[in-house]
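Hi there,

Here is the structure I promised to pass on. Please have a look at it first, and then read my notes below.

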Amino acid sequence: MCTVIGFPLGANIQETKVFKTENAIKNGAAEVDTVINIGAEIRSVVDAAE
């Protein structure tokens with residue numbers, strides 16, 4: 001069984017994604033796909049370039 005964490009926008013905080021991942025594994029998930037927060041990712045890259 002596979003599940004997705006953070007669907008559809010990936011806007012959950014990291015602690016929420018960790019909790020949901022641990023819960024999914026405990027409930028039988030063998031694969032976990034995670035949606036990243038693209039806005040936060042882009043922001044960190046832009047900040048690094050300034």
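A word on confidence before the details: pLDDT is the predictor's confidence in each residue, on a scale from 0 to 100. You will need it here, as this is a predicted model. The protein chain has an average pLDDT of 91, and 100% of its residues reach at least 70. Of its elements, S1 has the highest mean pLDDT, at 95, while helix H2 (residues 38-49) has the lowest, at 84.

Let me begin with strand S1, where Cys2 is placed. Cys2 counts as partly exposed because its relative accessibility is 41%. If we set aside neighbours within four places in sequence, Cys2 has contacts with Glu31 and Asp33. Glu31 is 29 residues away from Cys2 along the chain, yet their C-alpha atoms are separated by 4.6 Å.

After the strand, have a look at Pro8, which sits in the loop between strand S1 (2-5) and helix H1 (14-26). The peptide bond leading from Phe7 to Pro8 is cis, and its omega is near 5°.

Next comes Lys17, a residue of helix H1. Which side chain of opposite charge is nearest to this buried lysine? That is Glu41, but at 7.5 Å away, and Lys17 has no salt bridge. What Lys17 does have is a polar atom of its side chain 2.8 Å from the backbone oxygen of Val35. Val35 is also among the residues that Lys17 touches, once those up to four places away in sequence are left out; the others are Ile5, Gly6, Gly10, Asn12, Thr34, Ile36 and Asn37.

Now to the salt bridges. How many does a search of the whole structure find? The search gives 2. In one of them, Arg43 pairs with Asp47, with the closest N and O atoms 3.0 Å apart. Both residues belong to helix H2 and are 4 residues apart, about one turn of the helix. Arg43 also meets Glu50 through their side chains, in a salt bridge of 3.9 Å from N to O. Through these shared partners, Arg43, Asp47 and Glu50 are joined into one network.

As for their surroundings, Arg43 is partly exposed because its relative accessibility is 44%, and Asp47 is partly exposed at 40%. Glu50 has 72% relative accessibility, so it counts as exposed.

I'd be glad to hear what you make of it.

Best wishes

Note on methods:
Residues numbered from 1 in each chain as written. Predicted model: local features only at pLDDT ≥ 70, side-chain atom pairs only at ≥ 80, totals over all residues. Heavy atoms only, no water. Helix = DSSP H or I, 4+ residues; strand = E, 2+ residues; numbered from the N terminus. Buried < 20%, exposed > 50% of the residue type's maximum accessible area, 1.4 Å probe, protein only. Contact = heavy atoms within 4.5 Å. Lys, Arg positive; Asp, Glu negative; His and termini not counted. Salt bridge = Lys/Arg side-chain N within 4 Å of Asp/Glu carboxyl O. Polar contact = N/O pair within 3.5 Å; in protein donor to acceptor, adjacent residues only side chain to side chain.
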